[in-house]
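Colleague: Could you take me closely through how the charged side chains pair in this model, and then set that beside its nonpolar parts? I would like one connected account rather than a list.

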Amino acid sequence: MRKNPVFLNVPARDLAFVTLTLALFTPSLWMLAWVLFTCGGYMAPDAERVVVYGALFATGLMLVQRNDLNAAANTESDPEKPRLVKRLPPGFNGKIYRLTVRDHNVDVVTSEGTFTLRSRFTDAIAEMEPVPGHCSHRSHWVTDASIVSVERKGGKIFLKLVNDDLVPVSRKYKPMLEEDGLI
């Protein structure tokens, strides 16, 4: 129930947590108050007053726990982004499909367009950690999630991506792609 985001805002669940906490917490709070007040020479608080303070404590505890659960659900839904995203324009929230080297630049093809970075190709690939991907050619690197299908044209093999790009597969990288089940 705690991990399922559907149940994060269910009042019945919150009420059950408060009731359980109150049932477990109130007797020990009343016993502690009775011992402390009696030993100090004062009159111990009655059970109704302890229940009210216990209910306030249990409600506060439930609200703090709910905020912790909401924060945990939000962080779990955001996968870790690669370092390369920091080099893209501010506010970039798209998905990276592939990297292509062109002269001394790397084209980063994304769901929001193509961005050109001045970088070595190997450095750009290293900055894509932890996103799984493969080199398909000496000048092409694709993310595994963006590959839709494999097409053959004129004896050559191409990877078809989500954005309908066709990326060539060279003989050098073909065995590695076959081994990982992408071809």
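Modeller: What follows begins with the charged pairs and then moves to the nonpolar residues around them and elsewhere.

The model is predicted, and everything below should be read with that in mind. It holds 7 salt bridges, and a good place to start is the one that Glu127 forms with Arg87, where the closest N and O atoms are 3.2 Å apart. Glu127 lies in the loop between helix 3 and strand 4, while Arg87 lies in the loop between helix 2 and strand 1, so this pair ties together parts that are 40 residues apart in sequence. The two partners fall into separate classes of accessibility: Glu127, at 14% relative accessibility, is below the 20% limit and therefore counts as buried, whereas Arg87, with a relative accessible area of 33%, is partly exposed. As a general point, side chains of opposite charge can pair when their charged atoms come close.

A second kind of pairing is found within a helix. Lys174 forms a salt bridge with Glu178, with 3.8 Å between the closest N and O atoms, and the two residues are 4 places apart in helix 4 (residues 174-179), so they are separated by about one helical turn. Lys174 is partly exposed at a relative accessible area of 28%, and Glu178 also counts as partly exposed, at 39%. Salt bridges that share partners, moreover, join Glu151, Lys160 and Asp164 into one network. Within this network, Glu151 pairs with Lys160 at 3.8 Å between the closest N and O atoms; Glu151 has 22% relative accessibility and counts as partly exposed, and Lys160 is likewise partly exposed, with a relative accessible area of 24%.

Turning to the nonpolar parts, the largest nonpolar core has 15 residues, of which Leu84, Ile96, Leu99 and Val108 touch the most other members. Strand 1 (96-102), strand 2 (105-110) and helix 3 (121-126) each supply at least two residues of this core. Val108 gives a good view of the surroundings: leaving aside residues up to four places away in sequence, it touches Leu84, Leu88, Ile96, Arg98, Leu99, Gly113, Thr114, Phe115 and Leu117. Apart from this core lies another, of 9 residues, among them Ile147, Ile157, Leu159 and Leu182. In soluble globular proteins, nonpolar side chains tend to be buried together.

Some nonpolar residues, however, are found at the surface. Trp30, Met31, Trp34 and Val35 form a nonpolar patch there, with about 370 Å² of accessible area together; Trp30, found in helix 1 (residues 11-39), counts as partly exposed at 33% relative accessibility. Leu56, in helix 2 (residues 47-77), has 57% relative accessibility, which is over the 50% limit, and so it counts as exposed. The C-alpha atom of Leu56 is separated by 9.3 Å from that of Val18, although the two residues are 38 apart along the chain.

Strand pairing adds a last piece to this account. Strand 4 (residues 133-137) and strand 5 (residues 140-143) run antiparallel and are joined by 4 bridges, forming a hairpin with 2 residues between them. The bridge partner of His137 is His140, in strand 5.

Terms used:
Residues numbered from 1 in each chain as written. Predicted model: local features only at pLDDT ≥ 70, side-chain atom pairs only at ≥ 80, totals over all residues. Heavy atoms only, no water. Patch = residues over 30% accessible without salt bridge, like charges linked within 9 Å, V, L, I, M, F, W, Y side chains within 5 Å. Areas by Shrake-Rupley, 256 points an atom, 1.4 Å probe, with all protein chains shown as cover. Salt bridge = Lys/Arg side-chain N within 4 Å of Asp/Glu carboxyl O. Buried < 20%, exposed > 50% of the residue type's maximum accessible area, 1.4 Å probe, protein only. Core = buried A, V, L, I, M, F, W, Y, C linked by side-chain atoms within 4.5 Å. Contact = heavy atoms within 4.5 Å. Pairing = 2+ DSSP bridges.
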